[in-house]
Amino acid sequence: MLQNFTLHTHTNLFDGKNTATEMIDTAQQCGMVAIGISNHFIVHPDIVDTPSYAAALRGGYAHMYMNNFDGAINEFKQHYDELRRIAQHASIKILCGMEVDFFNTAAWRRGFERALKVLQPDYIIGSGHFVEYNGRLCNIHDMANADDDARDEMLTLYWTKIQQMAQSGMFNWLAHLDLPKKRGLGRDARWFDTECRTVDVIAKSGARLEINAKGFVLPYNEPYPSGRILNQVAAANIPVLISDDAHAVDQVCRNFSDAEHFAQQCGVKNMLSLQKILDFSN
Ligand SMILES: [Zn+2]
Ligand SMILES: [Zn+2]
């Protein structure tokens, strides 16, 4: 295993299963020299109307979804204060990250800029868990449950969002590029052109990508992004890192070796160092 840091992880303060200390200790036992905690930063005025919010309420992590920036800033402030306290006595490097849901409005950008000033994260990951379709916030499960036409429109919106995230220049890297694959969406050959166009936009924008190893489960047994996308990523020489997207201690560094092997097979050569990831600025 070549990569000795893990930067895409979650804790039980939000939708993870373990404490920050448990995640940090595990990363150290796995031989990591650094761990970043990157809980979800999701702010949208309509978020409380979604099924995701209802599920989070039942699961006890509803504060992961905020309909205003002040609430999210407050949650993260306490969270980062704790991480920075732990970091003072830890023997591996601890970084304050966030996995941010991007919304392409002026109001969202203003709010997010304000959050960055207050929180000063070490890095930010761009994610698209939601699309705004017909005045409603929809996630990939809503996509999967929609009829064929609506599903195609939502998927198109998804890929447009990924392109906007890349062009925004706001993120140290973009997460799980073809996330709708989780529900089997966008796998057919019809979407290949859209994927290639998106890779092109990413390459031109200077954005970077993760190879997210949580994808190594049946039936596809390949990371996000899929092999056919990763071939294009390699050809465009887009820089990548490997993520575990760990939501529990037994997922820390999961399938890192598989992901490295897979990347190699796809011809990926441009692997990011920790320093290069953190140095990113727009
Ligand atoms: Zn995610
Ligand atoms: Zn995540």
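Which residues are the protein donors of the zinc ion (ligand 1)? In this predicted model, the zinc ion (ligand 1) has as its protein donors Glu99 through OE, His129 through NE2 and His176 through NE2, at distances of 2.1 to 2.2 Å. Along the chain these donors are spaced as E-x29-H-x46-H. Glutamate 99 is located in strand 4, whereas histidine 129 falls in the loop between strand 5 (123-127) and strand 6 (130-133), so the pair links parts of the chain that are 30 residues apart in sequence. Glutamate 99 and histidine 129 are both buried.

The zinc ion (ligand 2) is coordinated by His8 (NE2), His10 (NE2), Glu99 (OE) and Asp245 (OD), again with distances of 2.1 to 2.2 Å. The angles subtended by the four donor atoms run from 80 to 168°, and the arrangement is therefore irregular. For comparison, a tetrahedral assignment would require all angles to lie between 85 and 135 degrees. The spacing of the donors of the zinc ion (ligand 2) along the chain is H-x1-H-x88-E-x145-D. Within this set, glutamate 99 belongs to strand 4 (residues 93-101) and aspartate 245 to the loop between strand 10 (240-243) and helix 9 (256-265); the pair therefore ties together parts that are 146 residues apart in sequence. Aspartate 245, like glutamate 99, is buried.

The two sites are joined through glutamate 99, which bridges the zinc ion (ligand 1) and the zinc ion (ligand 2). The separation between the two zinc ions is 3.4 Å. Glutamate 99 accordingly appears among the donors of the zinc ion (ligand 1) and also among those of the zinc ion (ligand 2).

The fold that carries these sites comprises 10 helices and 10 strands. The radius of gyration of the chain is 18 Å, in agreement with the value near 19 Å that a compact globule would have with 282 residues. The C-alpha trace spans about 55 × 45 × 35 Å along its principal axes. Of the 282 residues in the chain, 56% are buried. Among contacts with a separation of 6 or more, 78% are accounted for by residues 24 or more positions apart. The accessible surface of the chain amounts to about 12,200 Å², and carbon and sulfur atoms contribute 47% of this area.

Note on methods. Residues numbered from 1 in each chain as written. Chains lettered and ligands numbered in written order. Predicted model: local features only at pLDDT ≥ 70, side-chain atom pairs only at ≥ 80, totals over all residues. Heavy atoms only, no water. Donors = N, O, S within 2.8 Å, 3.2 Å for Na, K, Ca; no water. Tetrahedral: all angles 85-135°; square planar, octahedral: opposite > 155°, others 65-115°. Helix = DSSP H or I, 4+ residues; strand = E, 2+ residues; numbered from the N terminus. Buried < 20%, exposed > 50% of the residue type's maximum accessible area, 1.4 Å probe, protein only. Rg over C-alpha atoms; globule rule 2.2 N^0.38 Å. Contact = heavy atoms within 4.5 Å. Areas by Shrake-Rupley, 256 points an atom, 1.4 Å probe, with all protein chains shown as cover.
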